[in-house]
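Colleague: Please take a close look at one part of this model and tell me what lines it. Then carry on from there, in short steps.

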Amino acid sequence: MATQSVEFGAPSGQTVTARLFSAGSDTVVQTASAVTEATNRDGVYTATFTDAAAGSYRLIATNSGGTLLAQWWVDLTLTTATFQSYEMPVSVVQSGLSTLDAAGVRTAVGMASANLDTQLADLPTVAEFEARTLVAAAYFDPAADTVANVTTVGSVTSGVTVTTNNDKTGYSLSSSGLNAVTAWTVDLTGNLTGNVTGSVGSVTSPVTAGTVTDKTGYSLSSSGLNAVTAWTVDLTGNLTGNVTGSVGSVTSPVTAGTVTDKTGYSLSTAGNTAVVDSLFARIPTKATQHTVERIFWNNDRTSTVDDGEVVANVANTAQSFETTLTGMANKYNDSLIQFTSGALEGESNSIASMDAAGVITFHDAFTAVPSAADDFIVRPESNHSPEEIAAAVELLLSTTTRAELASAPAANAPLADKLTWLAQLARNKMQSTALLQTLYADDETTVVATFAVSDDGTTATRGEAT
C-alpha cells in the first residue's frame, strides 16, 4: 500500500478537507483521510492519500463550512512519499525541456554509433600512418601534379608559370626590361577596365569614370552648376535608399521605411479612430508575473467598468442569460452587474461564471428574467448579502481560538482581548481577602491580576486590575 502525503498552503488554523481531481474532471478521485497543520510552519498542511494512481491532480482545500481555501497542482507517483504542491504541474514545466533520449542526442550531433570512443576507433593509428598504406597512384607526383602554394623553391631548371607570388625578393628586370617600362606610353581606344593611378596625359574624347578618389582639377561648367542648383526630381514608382533634406509635396500615398524626423506628421481622423479602437479592443491576459501584460490584467480586474446588453435567447432565466460580452470567459467572475434600463433597472447581482459565448450565470437570481436589449454595467466590486456576511462572522467566531491573557488588558485594548478578559473573569479562580482580590490563570496557580478592595461600612470599593 502506498501512503502519499501532499504538502500545500492554506490559511492557518482551519479544519481542512482536501480532495483530488484529475485535470479537467469534476469527479473527486479521492478525499484525504487526514489533513494536519504543521506545528511551526503556520499555514502549511499535510494531506494523506492512499494508493492514488500516478498522475497530475488538482488539489482543492475547503474549510469545515465548505468555503474554498486553496487550489494547487501535485504530481503523484504510486509510492509512499511526501509530494510538494505547485501552482503549475511539474510535468507541464518539464514538458518544455528537452526529451531527447541517447539515440536522439547522437542523431542531433551527427554521431552514427553508440559513443565517441567507437567513432575515434576508426581513425588510423600512428603505425598505420607510418606504414603508408595508400596505393602508389594516390601519392603526389612532382613531375605531373600541380602545386597550389609554394613558399620556397631551391632552383628552377625549366620555365614555370607563377599564378601569384607574394614575395618577390631576388627578382629583377634586365636593362632592356627596365628601359621598356620607363618609356611605357599607352594609347587607349575603347574601354579601360581596372584601376588607373598616377596621371593621364590628355583625354580627347568623353570618358565615363567609375570611381575617382582624387578629384583635384575637376570642375563643373556654369551650365552644370546651374543644373545641379535647380535640380528637381519628379518620382513615380518606388524610391529606394535614403532621402535627406526636404520633399516638396506628395500627391499619392507612400510607405516610409524609417523616418527619423516626424515634424509635421499627423494621423488622419480615421487613423486616430483606428488606434483608439485597437487599444480599447485589447483584452489583457493574466500572462507572467511582473510583465507589462500582467500589470494591465491586474488593473483591468480592479478598476475596469464595462457595459453590455441582454441578448434574446429562449434559454434566458432570472439567474442565467446571454449578453453581448462575448470572448470574455470568466473575465468578470465575482464582479457586480447592475441594470441601467428595463424592468430590472437598479438591480444588481454578483457574477458566478461567464462563458465565451456571453452567457453569464449569477450567484443569486434577479427578481425577473431580463428583456432583450436591457442595458447593464459591470463593476469590479462584489456584492454579498447581510446573511452571507453574518454567516461568515459566525464561522469566524466559532472556529477561532485564543489563548487566555497573562495580564489585565489596557483600557484601549482590542475587542478580542476584552472579550477574552471577560471570559477569564467569569470562569477562572478568584480569591478574596479583606484587602485584595486575586484572579488566577486556568492552572489555578499563576496570578493574572489583583484588585485592591476596601469597605468602610458604608461603601465597598474594588480598584482597577493590576
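Modeller: Start with the lining of the largest cavity in this predicted model. By class, it has one nonpolar residue, five polar residues and no charged ones. The names are Q14, T15, N63, S64, L395 and T399. L395 is the nonpolar one, because Leu counts as nonpolar. The volume of this cavity is about 40 Å³. The count of cavities of 30 Å³ or more comes to one.

Now follow two of the lining residues, N63 and S64. Strand β6 covers residues 55-62, and strand β7 covers residues 68-76. N63 and S64 carry numbers that fall between those two strands. β6 and β7 form a hairpin, with five residues between them. G66 sits in that turn and has a positive phi of about 85°. The two strands run antiparallel and are joined by eight bridges. One example is R58, whose bridge partner in β7 is W73.

β6 has another partner too. Strand β2, residues 17-22, pairs with β6 in the antiparallel sense. Six bridges hold that pairing. There, S22 stands opposite Y57 in β6. So where do Q14 and T15 come in? Both line the cavity, and their numbers come before the start of β2 at residue 17.

Next, a sheet further along the chain. Six strands form an open sheet, in the order β9-β14-β11-β12-β13-β10. The pairing is antiparallel. Which strands stand at the edges? They are β9 (306-309) and β10 (320-322). Each has a single partner strand, so one side of each is left without a neighbour in the sheet. From one strand to the next, the twist averages 35°.

Walk across this sheet from β9. Four bridges join β9 to β14, residues 375-379, and the two run antiparallel. In this pair, G308 stands opposite F376 in β14. Further in, β11 (residues 336-339) is joined to β12 (residues 348-354) by three bridges, again antiparallel. I337 has N349 in β12 as its bridge partner. β12 then meets β13, residues 359-362, through three bridges, and these strands also run antiparallel. I351 is paired there with F362 in β13.

β12 and β13 make a hairpin as well, with four residues between them. Its turn holds G358, which has a positive phi of about 95°.

Now compare two single residues. Is Q424 buried or exposed? Its relative accessibility is 3%, and buried means under 20%, so Q424 counts as buried. Q424 lies in helix α10, residues 415-427. Leaving aside neighbours within four places in sequence, Q424 is in contact with E404, L405, L439 and V448. D442 is 18 residues from Q424 in sequence, and 8.3 Å from it in space, C-alpha to C-alpha.

T164 is the other one. It lies in the loop between α4 (126-130) and α5 (175-182). At 61% relative accessibility, T164 passes the 50% cut-off, so it counts as exposed. V150 and T164 are 14 residues apart in sequence, with 9.9 Å between their C-alpha atoms.

To recap the part you asked about: the cavity lining has five polar residues and one nonpolar residue. N63 and S64 of that lining belong to the stretch between β6 and β7.

Technical notes:
Residues are numbered from 1 along each chain as its sequence is written. This is a predicted model: local features need pLDDT of at least 70, side-chain atom pairs count only at pLDDT 80 or more; totals for chains, interfaces and linings use all residues. Side-chain values use heavy atoms; hydrogens and water are left out. On a 1 Å grid over the protein atoms alone, a cavity is a set of points where a 1.4 Å probe fits but cannot get out, and a pocket is an open set with protein on both sides within 12 Å along at least five of seven lines; lining residues have an atom within 4 Å of a point. Grid points are joined across faces, edges and corners, and a volume is the space filled by probe spheres set on the points. Two strands pair if DSSP finds at least two bridges between them. Axes are lines fitted to C-alpha atoms, for helices over the stretch in contact, and angles run from 0 to 180 degrees between N-to-C directions. Buried means under 20% relative accessible area, exposed over 50%, partly exposed in between (1.4 Å probe, protein chains only). Contact means heavy atoms within 4.5 Å.
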